[in-house]
Amino acid sequence: MQMATRILFDMGRILGADRLIPVASAHIDGCLYHGDSGVDFAELLVRGGGRVCVPTTLNVGGIDLLRPEYPAHQRDMALRLMKAYIALGCNQTWTCAPYQDGYRPQTGEDVAWAESNAVVFANSVLGAHTNRYGDFLDICAALTGRAPHYGLHVPENRKATVLIRTDGISERLKRQSVLYPVLGAWLGRAVGSSIAAIQGLPSDTPEEYLKALGASAASAGAVGLFHVIGVTPEAHTMEEAFAGIAPAVTLEFGSDEVRSTRDSLSNTDGDTMNLIALGSPHYSLQEIDRFEELRADRELKLPVYICLSRLVWAILDARGQTAQMEASGVRFVTDTCVVVTPILPQPPGVLMTDSGKFAHYTPGNTSYGVRFGSTSECVETAVLGRVVCDNGAWQ
Amino acid sequence: MAVDPHLPVREVLLPGDARGRLLRLDLPISFWGGVDPVTGCISDPRHPQFGCCVSDRILAMERVVGSSSGSSVMMELLAIGKAPAGLILAEVDAILTLGVVVAREMGYGSIPVFLVSSETLGSLPTEILMTEGGEILAKS
């Protein structure tokens, strides 16, 4: 506990915080295994008698507890790490999208969340206040119920400075899910850690699209918060998003940006395709329903790995859908995902994904080649067993 | 050795001594998914400096992007002796610096982390000394 408090004070000083403030919840990213040092840290907290004092959710771990496969030492250590965080009193959510499992902070509530996509979702879509906390600070905040008061906890720091115009994008494309990971990747590269407000998106833009936008922006850049004017809770109007101050920078996201960013999410354009990977962030029930609608009871020639939380899996299972989906060629991955742990078949081949985050991390983490496509392109590719491109989708 | 007046340090985020050859990243990186926690080498094939190793270098980058697991990778590199010798950033960072703070708590050692302007970051010399007193010195 003393160590947790010391780390919080040290980081608070480094980050320019004036004090520590109470937080209502924490989301822990440190439960994912990257090496033995993280296990030593968590077990030290357990030996010190640490218990979280606010509701705390756990991000993906290093192994799928329901289907473990990993080299022996790493498996043991990943498991020890996951058990240490359970011993500290965290809820066994094992998902990067706790907000889909009912853990949704209130607008204006201070929380200490890690996992870059969860941070940007909590801030942007829910209007909660958190910084992009790294592994270890998350659990220190959970143990003490405190976080440094700086950055996005301070309301004045949450205003947009960059305006993104989207006039050059067709209304049709703005209603396609495939646009949003592309917009996110472009945004992350263009604005870094600045707060942008995006203008011109439909007022009924679904939550799943904003989730994809944020996850992609947070992996390509350092985005912790974005606003969508007329959509997200702190940007009912331009005036509110910018606090009445003129944007410092205005950027145009048009068809050239769509094309070049979309192309940058793939690193191969050959005919080889080995599998499809979906669910980064973890697929929601709505996204699985959409997948099933597109699949339309057809068999899959290529395996489709769907990453999801154990809670969403249980709902799907209770509906009687999992066995039938598995029989058609779906492989469910719960508690973890295909880019954080070696689940995919070896040697590495090429995969297709509808996720900007998977597109970003696949080459470095799995050595697979990656091709980005719409969910529909992913499904058609899996059904036909060859790459299907629908350039019309981008008009 | 002389203090270069054109290398002002805006803030010492973590103090310490370090000496090493500069590795300035052309693009920001996520340590998780971008740097191999076993070898310390840049593992994202799309990064312009793919294959370069951060170990023992003075690592300079505009900002830290991407995953919050960057803290874990930084601590692991310190634990196994593959960490950079020092870190120079142009934006305050709550992820890599945190990895160093926790590593220090765990007894894995520490490295200096300094904040400079983007202009200074772009004009860093090849061989660098970071001092306990918060200076960046260059071989003249």
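The exercises below, each with a worked solution, concern a predicted model.

**Exercise 1. Compare the span expected for helix H3 (residues 72–87) of chain A with the distance between its end C-alpha atoms.**

Begin with the expected value: the helix has 16 residues, and at 1.5 Å a residue it should span 22 Å. Then take the end C-alpha atoms, which are 22 Å apart, so the two values agree.

**Exercise 2. Work out how the buried residues of H3(A) are placed around its axis, and what covers them.**

First list the residues of H3(A) that are buried, that is, those with 20 or more other C-beta atoms within 10 Å of their own: Ala78(A), Leu81(A), Met82(A), Ala84(A) and Tyr85(A). These residues cover an arc of only 155 degrees around the axis, which puts them on the same side of H3(A). Next turn to the other side of H3(A), where Ala72(A) and His73(A) are exposed. Finally, look for what lies over the buried residues: the cover includes strand S2 (26–28), helix H2 (36–47) and strand S3 (56–58) of chain A. As a last detail of the backbone, Gly89(A), just after H3(A), takes a positive phi of about 100 degrees.

**Exercise 3. Describe the contact between domain 1 and domain 2 of chain A.**

Start from the domain assignment, which gives domain 1 (2–153), domain 2 (159–263) and domain 3 (266–394) for chain A. The C-alpha centres of domain 1 and domain 2 of chain A lie 27 Å apart, and their contact takes 13 residues from domain 1 and 17 residues from domain 2. On the side of domain 1 that touches domain 2, the residues divide into 5 nonpolar, 7 polar and 1 charged.

**Exercise 4. Characterise the side of chain B that touches chain A.**

Count the residues first: 35 residues of chain B are in contact with 37 residues of chain A. Then assign them to elements, where those giving two or more residues to this side of chain B are helix H1 (70–79) and helix H2 (96–106) of chain B. By residue class, this side of chain B divides into 16 nonpolar, 13 polar and 6 charged.

**Exercise 5. Decide how the radius of gyration of chain B compares with the globule rule.**

Chain B has 3 helices and 8 strands, which follow the pattern β-β-β-β-α-β-α-β-α-β-β along the sequence. Its radius of gyration is 14 Å, close to the 14 Å that the globule rule gives for 140 residues, so chain B is as compact as a globular protein of that length. To complete the description, 49% of the 140 residues of chain B count as buried, and among contacts in chain B between residues at least 6 apart in sequence, 77% join residues at least 24 apart.

Definitions and conventions. Residues numbered from 1 in each chain as written. Chains lettered and ligands numbered in written order. Predicted model: local features only at pLDDT ≥ 70, side-chain atom pairs only at ≥ 80, totals over all residues. Helix = DSSP H or I, 4+ residues; strand = E, 2+ residues; numbered from the N terminus. Expected span 1.5 Å × (residues − 1). Buried ≥ 20, exposed ≤ 12 C-beta atoms within 10 Å, placed from the backbone. Arc of directions from axis to C-beta. Contact = placed C-beta atoms within 7 Å. Domains from an automatic or database assignment. Nonpolar A, V, L, I, M, F, W, Y, C, P; charged D, E, K, R; others polar. Rg over C-alpha atoms; globule rule 2.2 N^0.38 Å.
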